[in-house]
There are 4 protein chains.
Amino acid sequence: MAKNTFGSSITVTLFGESHGAQIGAVLDGLAPGIPVDEGSIAEKLMLRRPAGAISTGRVEPDRFQIVSGVYEGRTTGTPVCIVIPNENTRSRDYSVTRFLARPGHADYTANCKYHGFEDHRGGGHFSGRITAALVAAGAVALSALEGKGILIGTHIKRCAGVADREFGDLNADIRALSESSFAVLDPEAGERMRAAIGAAAAEGDSVGGVLETAVTGLPAGVGEPWFDSLESVLSHALFSIPAVKGVEFGDGFAMSDMRGSAANDSFTVRDGKIVTRTNHNGGINGGISNGMPLIIRCAVKPTPSIYKEQDTVDFSAGTDAKLVIKGRHDPAIVHRARIVADSVCALVLCDLMAQRFGTDYLAP
Amino acid sequence: MAKNTFGSSITVTLFGESHGAQIGAVLDGLAPGIPVDEGSIAEKLMLRRPAGAISTGRVEPDRFQIVSGVYEGRTTGTPVCIVIPNENTRSRDYSVTRFLARPGHADYTANCKYHGFEDHRGGGHFSGRITAALVAAGAVALSALEGKGILIGTHIKRCAGVADREFGDLNADIRALSESSFAVLDPEAGERMRAAIGAAAAEGDSVGGVLETAVTGLPAGVGEPWFDSLESVLSHALFSIPAVKGVEFGDGFAMSDMRGSAANDSFTVRDGKIVTRTNHNGGINGGISNGMPLIIRCAVKPTPSIYKEQDTVDFSAGTDAKLVIKGRHDPAIVHRARIVADSVCALVLCDLMAQRFGTDYLAP
Amino acid sequence: MAKNTFGSSITVTLFGESHGAQIGAVLDGLAPGIPVDEGSIAEKLMLRRPAGAISTGRVEPDRFQIVSGVYEGRTTGTPVCIVIPNENTRSRDYSVTRFLARPGHADYTANCKYHGFEDHRGGGHFSGRITAALVAAGAVALSALEGKGILIGTHIKRCAGVADREFGDLNADIRALSESSFAVLDPEAGERMRAAIGAAAAEGDSVGGVLETAVTGLPAGVGEPWFDSLESVLSHALFSIPAVKGVEFGDGFAMSDMRGSAANDSFTVRDGKIVTRTNHNGGINGGISNGMPLIIRCAVKPTPSIYKEQDTVDFSAGTDAKLVIKGRHDPAIVHRARIVADSVCALVLCDLMAQRFGTDYLAP
Amino acid sequence: MAKNTFGSSITVTLFGESHGAQIGAVLDGLAPGIPVDEGSIAEKLMLRRPAGAISTGRVEPDRFQIVSGVYEGRTTGTPVCIVIPNENTRSRDYSVTRFLARPGHADYTANCKYHGFEDHRGGGHFSGRITAALVAAGAVALSALEGKGILIGTHIKRCAGVADREFGDLNADIRALSESSFAVLDPEAGERMRAAIGAAAAEGDSVGGVLETAVTGLPAGVGEPWFDSLESVLSHALFSIPAVKGVEFGDGFAMSDMRGSAANDSFTVRDGKIVTRTNHNGGINGGISNGMPLIIRCAVKPTPSIYKEQDTVDFSAGTDAKLVIKGRHDPAIVHRARIVADSVCALVLCDLMAQRFGTDYLAP
């Protein structure tokens with residue numbers, strides 16, 4: 001586990017920059033024989049793609065190519081490399097502001113770490129663009145898990161001050177979300193979110209939100225205490241998603257205000273199976289899955305790219321400066337990030353299952 | 001990185017069970033020549049030790065022994081193993097309830113994973129008792145960081161509905177906290193917290209809280225995108241602490257309701273150094289430190305061990321059951337967990353600094 | 001470290017199959033600012049490319065493309081992905097013998113592991129073809145090390161019963177080897193080797209050999225006992241090269257017949273620097289470099305692809321069978337593998353230096 | 001995987017110094033329910049213990065204690081920590097020669113790496129003494145493998161110029177070796193070896209040898225190309241054993257002089273099972289086990305501690321010096337290292353099997 005590679009038994013390695021030739025992912029360790037459907041990958045990429053007034057004007061066709069690891073439509077068991085060319089880049093948007101640190105972005109910290117050699121165009125390696133590769137790899141993982149009866153879905157729980165309804169029948173909700181380009185359970189809440197995003201955009205501003213992910217069908221007994229607890233590994237990967245600043249499980253921060261008698265999920269036997277009556281712990285006790293659905297929430301900060309003039313520094317000159325960001329940006333990314341959250345959770349769970357049950361486990 | 005070992009350049013390995021012979025930690029990869037002060041380790045262990053009416057009756061002397069890796073008072077550069085014997089165990093408290101899953105605890109999930117071979121006494125390997133070893137190792141890490149001008153401190157931001165004051169002068173606050181056995185910045189808030197804990201205890205119940213950690217002096221440029229972002233690695237380790245159900249950085253979940261213009265931390269030059277005017281991002285941009293203080297919050301759920309009768313199952317018989325927990329338990333652990341949070345952050349930062357600047361970096 | 005990714009601070013990830021669309025490597029963790037010369041990569045690939053009568057008829061142009069991690073001719077510090085398309089494939093050569101295990105090859109073991117889903121064409125992921133990606137990544141590593149005064153060179157110490165001369169002036173020998181397409185120190189020995197290879201080829205047979213690698217300029221103090229000893233990490237990577245069946249350091253197996261008084265390298269001070277008078281230990285004591293040149297030897301078995309009829313099994317039918325291998329194969333690979341050995345050593349040493357001295361160490 | 005921790009699913013972490021308080025090992029990731037027999041651990045430690053005229057006068061009782069991870073005689077599935085106190089130390093033997101680098105030892109390189117803070121007494125962390133902890137952990141691994149029908153045994157193939165007979169009936173040979181304190185297959189060869197060791201000792205000198213390990217019962221399909229090939233991972237661990245300078249598999253270096261037609265192991269069907277007629281490849285094709293016995297050889301250099309006067313340097317003063325080693329040393333370690341080789345192979349194979357077949361695989 002290091003830098004741009006994540007996982008133990010099943011690993012994903014990311015590469016690429018916003019304005020470089022290609023971005024991509026290498027997905028290694030998957031069981032052989034898993035069907036790989038290019039149409040399904042394309043669908044997931046479509047869910048990530050910007051759309052309409054509430055998204056950036058840069059629309060990439062995401063013409064991905066699987067260059068290894070798949071033979072006759074199935075995984076071979078050796079590394080799957082998926083590359084996606086960058087096609088719609090306008091690097092000149094960035095040359096004027098080369099040394100002006102965009103507040104909230106990685107420009108300044110990248111410079112501290114890479115000493116000016118970083119590819120700064122469009123955020124370079126730090127760009128949300130790279131999540132397209134994560135989604136392509138995640139699509140394979142999601143479909144492998146589905147083959148084992150494990151479903152993952154994410155909705156926009158809150159955005160720009162508008163709340164979606166609570167999760168209800170999880171499997172039905174997850175299936176509905178998988179076909180929704182703006183992932184809300186309550187369409188009317190979705191309308192109000194889009195309006196609020198549009199209003200912020202009209203002022204040259206941006207908004208954030210909270211993503212809530214549910215996982216059903218995960219068997220009990222997955223997770224490796226102490227340091228590879230289910231929460232540990234999931235949060236590690238989720239905090240890799242740009243703009244995520246908080247992660248919580250079950251009732252999360254709200255549990256800190258509860259009493260034990262309210263927060264404990266009491267067990268009972270239902271249809272011969274041990275379950276809990278409530279799920280405040282989000283399906284995890286002691287870092288190990290308990291057979292109940294996982295509930296995970298990510299706080300997504302507002303897109304740092306805004307059109308309002310901002311105070312900043314020229315980190316080359318070491319002087320204060322004013323910045324007006326040009327280029328094409330999203331007033332919100334929460335609706336695009338939901339499929340990234342799904343993907344990341346799928347990759348982590350595939351890895352943990354393969355560690356727990358062996359490298360052939362995910363084979364059909 | 002696997003199971004009970006964490007880290008890349010500097011690793012910590014935990015072992016032990018609540019009622020076993022010894023618990024301990026192996027701390028590997030530390031630079032040679034770092035002074036190791038047994039008194040300072042004892043002090044940190046004292047901060048973790050239960051005290052008085054708001055803590056468990058099981059008080060362990062924590063007579064630790066450094067059995068390797070320290071020679072003539074300094075680290076040798078090879079593994080430091082610290083062992084702590086368990087002395088005050090009352091295993092009979094657990095025999096009656098062997099197969100009754102304590103709600104909120106790892107009893108049932110451990111059984112799913114370890115098939116009944118787990119040492120169940122007192123929670124076994126899942127017990128908060130093991131954090132004593134983490135604190136002993138963390139004490140060495142904290143002192144190594146202090147030698148490089150990096151300070152870490154945690155206060156109880158909220159407990160049982162009572163809020164502490166905000167962080168002010170961070171270095172002063174951290175120094176004050178290091179000498180406080182109940183880590184609040186506002187002593188009066190501390191009084192009210194203790195009263196609230198006591199009230200819950202009197203009802204056989206328990207409470208949770210929020211820990212807030214500040215780190216000062218960390219240089220800019222530390223963190224390894226994508227997957228070893230500073231948030232990723234810190235959250236990975238923090239979610240290993242029992243009862244932590246949420247982790248956030250900077251304004252965390254509150255950022256999801258902000259607009260970009262409010263959430264972005266604008267840069268400026270102050271005394272020749274690039275800083276941000278605000279610190280909503282908690283010292284991290286793009287997964288890399290920006291030179292501002294790190295701000296980290298952990299949600300700690302209420303102690304699952306309560307004295308009220310609870311519904312549960314006998315997972316051996318597969319039947320519903322009633323459980324009344326005996327034994328000695330904490331009505332809150334947030335005041336004991338603060339030094340665990342400090343320790344975990346210190347271990348992670350030592351590791352990331354050694355990766356970034358080399359294995360000799362922390363040498364004096 | 002897992003499957004197709006190797007390294008801790010600097011990692012290389014391999015992907016691709018002999019007859020798939022592309023092979024490639026992701027090289028992550030390199031310091032920013034290292035010059036990347038495509039001409040130098042092309043040169044190294046040329047040294048690996050089959051040539052003339054003693055090599056396979058499949059000649060690939062190796063038109064590599066750097067798709068990420070290099071900007072304006074220098075490393076950015078983020079992952080360098082190099083892809084190489086497969087262009088000259090003749091997959092039909094393999095269809096008839098799909099289930100006939102080629103003796104000495106991975107056909108049968110791949111089938112045991114991947115259950116028939118492996119891409120079997122031309123050895124698939126097990127093909128020596130994939131070493132082209134390793135060489136491309138290694139070329140960047142070799143040039144980074146050269147920038148720090150560290151030189152690596154490999155000669156064919158023995159092939160088909162013919163011995164090359166011993167290493168003499170190492171730096172001069174290494175420079176000579178870097179320009180030699182058939183890596184021997186004694187051209188006359190090279191002539192005899194080629195003749196012997198040709199003789200074996202004429203009989204439809206193949207030969208093996210021993211590669212000897214020297215590394216000069218490595219500082220003392222590199223290597224991480226116990227488990228990441230210099231020998232451990234180098235051998236781990238070298239045994240990944242197909243056909244390598246033995247690895248030794250210094251006098252290696254010959255030391256087992258020596259007495260301590262003969263095998264010990266006595267120290268002396270020369271020009272103010274501590275050196276050893278002899279180098280039986282190959283520059284490594286206790287798993288750590290001692291400042292003397294590293295000496296490493298790899299035993300390369302004869303190419304398993306021979307044209308003689310062989311006894312084997314049809315592992316689909318579970319019956320004995322006769323096999324006559326068609327396709328295009330090398331009667332020896334030792335002369336092509338020398339640059340692979342250089343590459344692997346360079347990648348390992350870059351990684352160990354970055355771990356030891358920090359991620360910026362290799363920057364110019 | 002870093003420094004003193006090895007493995008992915010099952011890891012071993014070593015700690016301790018020759019003259020420190022305790023040495024030990026943490027063995028993590030073992031399946032729950034594996035019987036742990038302290039008698040069997042004691043037996044393996046006995047095989048490592050020096051004995052009689054051909055060994056050091058320092059005899060440690062090796063009173064090990066299992067302090068965690070075993071409950072009611074079986075593994076719990078959580079970390080097993082075994083500590084062994086050092087009891088028979090004579091540190092004063094080392095004070096005079098503090099800065100005189102013993103040729104062939106790690107004194108000088110440790111100083112380069114640890115800057116003088118290393119515990120130098122008796123070789124400190126580099127001492128062969130630490131292998132006692134490896135053997136204790138290995139004993140548990142050996143017995144877990146035996147439970148799955150996998151046997152491991154090592155004989156002294158050559159020592160001081162005397163050769164043992166070849167392996168014959170492997171399972172019978174392995175069982176015989178397990179009860180032999182001087183691991184030869186031909187007792188008469190053993191007599192001559194001991195005489196030759198004694199002769200060298202009488203001259204104040206030392207000898208080396210070659211260890212040959214056989215593994216039977218390993219299923220086909222274990223090993224993870226490219227970088228975690230069976231040879232890669234085994235050699236990584238074997239080169240961690242002090243004094244090992246070469247590792248080869250099957251016919252190893254001898255294969256480099258063979259032709260393909262002789263080196264290829266042809267397949268056949270015997271009793272319905274696919275086997276090879278010969279085993280030049282030592283049970284491994286393409287880095288994956290093929291179901292035949294593994295054959296592994298390690299070159300062990302002569303013990304560097306000899307009583308003859310040697311030329312060396314005082315690395316504190318930077319001057320040439322003469323050294324006469326005092327203390328108690330082995331004139332050969334090959335007979336003690338055989339159980340270390342067994343242990344290391346067992347730990348690696350347990351890990352690879354757990355990765356391949358899941359964390360429960362080794363459970364009885």
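Between which two strands of chain D is Glu72(D) found? I located Glu72(D) in the loop between β5 (70–71) and β6 (74–75) of chain D. The model is predicted, and I kept that in mind throughout these entries.

**Entry: positive phi values**

I read the phi of Glu72(D) as near 50 degrees, a positive value in a residue other than glycine. I then checked its surroundings: Glu72(D) has 8 C-beta neighbours inside 10 Å and therefore counts as exposed. I looked up Asp271(B) next, and its phi is also positive, near 50 degrees. Asp271(B) belongs to the loop between β12 (267–270) and β13 (273–276) of chain B. With 5 other C-beta atoms within 10 Å, Asp271(B) is exposed.

**Entry: cis peptide bonds**

I examined the bond from Pro225(A) to Trp226(A) and found it cis, with omega near -10 degrees. Trp226(A) sits in the loop between β10 (209–216) and α7 (230–238) of chain A. In chain B, I found the bond from Pro225(B) to Trp226(B) to be cis, with omega near -5 degrees. The loop that holds Trp226(B) runs between β10 (209–216) and α7 (230–238) of chain B.

**Entry: chains A and B**

I superposed chain A on chain B: a rotation of 180 degrees with 0.0 Å of shift along its axis does so, at an RMSD of 0.0 Å. This is the relation of a two-fold axis. For the contact itself, I noted 89 residues of chain A against 89 residues of chain B. On the side of chain A that touches chain B, I listed 37 nonpolar, 36 polar and 16 charged residues. Of the interface residues of chain A, 100% are also interface residues in chain B, so the copies meet through the same surface.

I also looked for strand pairing across this contact. Strand β11 (residues 244–249) of chain A pairs with strand β11 (residues 244–249) of chain B in the antiparallel sense, over 3 bridges. Within β11(B), Glu248(B) is the residue that stands opposite Gly246(A).

**Entry: chains C and A**

How many residues does the contact take from chain C and from chain A? I recorded 43 residues from chain C and 43 residues from chain A. Several elements of chain C give two or more residues to the side that touches chain A, among them β2 (11–15), β7 (80–85) and α3 (107–114). β3(C) gives the most to that side, with 5 residues. The residues of the side of chain C that touches chain A divide into 14 nonpolar, 22 polar and 7 charged.

I laid chain C on chain A by a turn of 180 degrees and a shift of 0.0 Å along the axis, with an RMSD of 0.0 Å. Because 100% of the interface residues of chain C are also interface residues in chain A, the copies meet through the same surface.

**Entry: the sheet of chain C and Gln65(C)**

I traced an open sheet of 5 strands in chain C, in the order β1-β2-β3-β7-β4, with antiparallel pairing. Its edge strands are β1 (5–6) and β4 of chain C, each of which pairs on one side only. Inside the sheet, β3(C) and β7(C) run antiparallel and are joined by 6 bridges. I noted Pro85(C) in β7(C) as the bridge partner of Gln22(C).

Gln65(C) lies in strand β4 of chain C, so I followed this residue further. Gln65(C) is partly exposed, with 14 other C-beta atoms within 10 Å. Leaving aside neighbours within four places in sequence, I found Gln65(C) in contact with Ala21(A) and Val83(C). The C-alpha atoms of Gln65(C) and Asn281(C) are separated by 40 Å, and these residues are 216 residues apart along the chain.

**Entry: the sheet of chain D**

In chain D, I found an open sheet of 5 strands with antiparallel pairing, in the order β1-β2-β3-β7-β4. β1 (5–6) and β4 (65–68) of chain D are the edge strands. β1(D) runs antiparallel to strand β2 (residues 11–15) of chain D, and 2 bridges join them. The bridge partner of Phe6(D) in β2(D) is Val12(D).

**Entry: helix α9 of chain B and the nonpolar core**

I took the span of helix α9 (residues 334–357) of chain B: its 24 residues reach 34 Å from the first C-alpha to the last, close to the 34 Å expected at 1.5 Å a residue. Is α9(B) largely enclosed or exposed? I found 24 of the 24 residues of α9(B) to be buried, so the helix is largely enclosed by the rest of the structure. Just after α9(B), Gly358(B) takes a positive phi of about 105 degrees.

Finally, I searched the largest nonpolar core, which has 484 residues; Ala136(A), Ala136(B), Ala136(C) and Ala136(D) touch the most other members. Not counting residues up to four places away in sequence, Ala136(B) touches Ala25(B), Ile41(B), Leu45(B), Phe64(B), Ile82(B) and Ile84(B).

Note on methods: Residues are numbered from 1 along each chain as its sequence is written. Chains are lettered from A and ligands numbered from 1 in the order in which they are written. This is a predicted model: local features need pLDDT of at least 70, side-chain atom pairs count only at pLDDT 80 or more; totals for chains, interfaces and linings use all residues. Two residues are in contact if their C-beta atoms, placed from the backbone, lie within 7 Å. Ala, Val, Leu, Ile, Met, Phe, Trp, Tyr, Cys and Pro count as nonpolar, Asp, Glu, Lys and Arg as charged, and the others, Gly among them, as polar. Two strands pair if DSSP finds at least two bridges between them. Helices (H or I, at least four residues) and strands (E, at least two) are DSSP runs, numbered from the N terminus. A nonpolar core is a set of buried Ala, Val, Leu, Ile, Met, Phe, Trp, Tyr and Cys residues joined through C-beta atoms within 7 Å. A residue is buried if 20 or more other C-beta atoms lie within 10 Å of its own, exposed if 12 or fewer, and partly exposed in between; C-beta atoms are placed from the backbone. The expected span of a helix is 1.5 Å times one less than its number of residues. Copies are superposed by least squares on the C-alpha atoms of residues with pLDDT of at least 70 in both.
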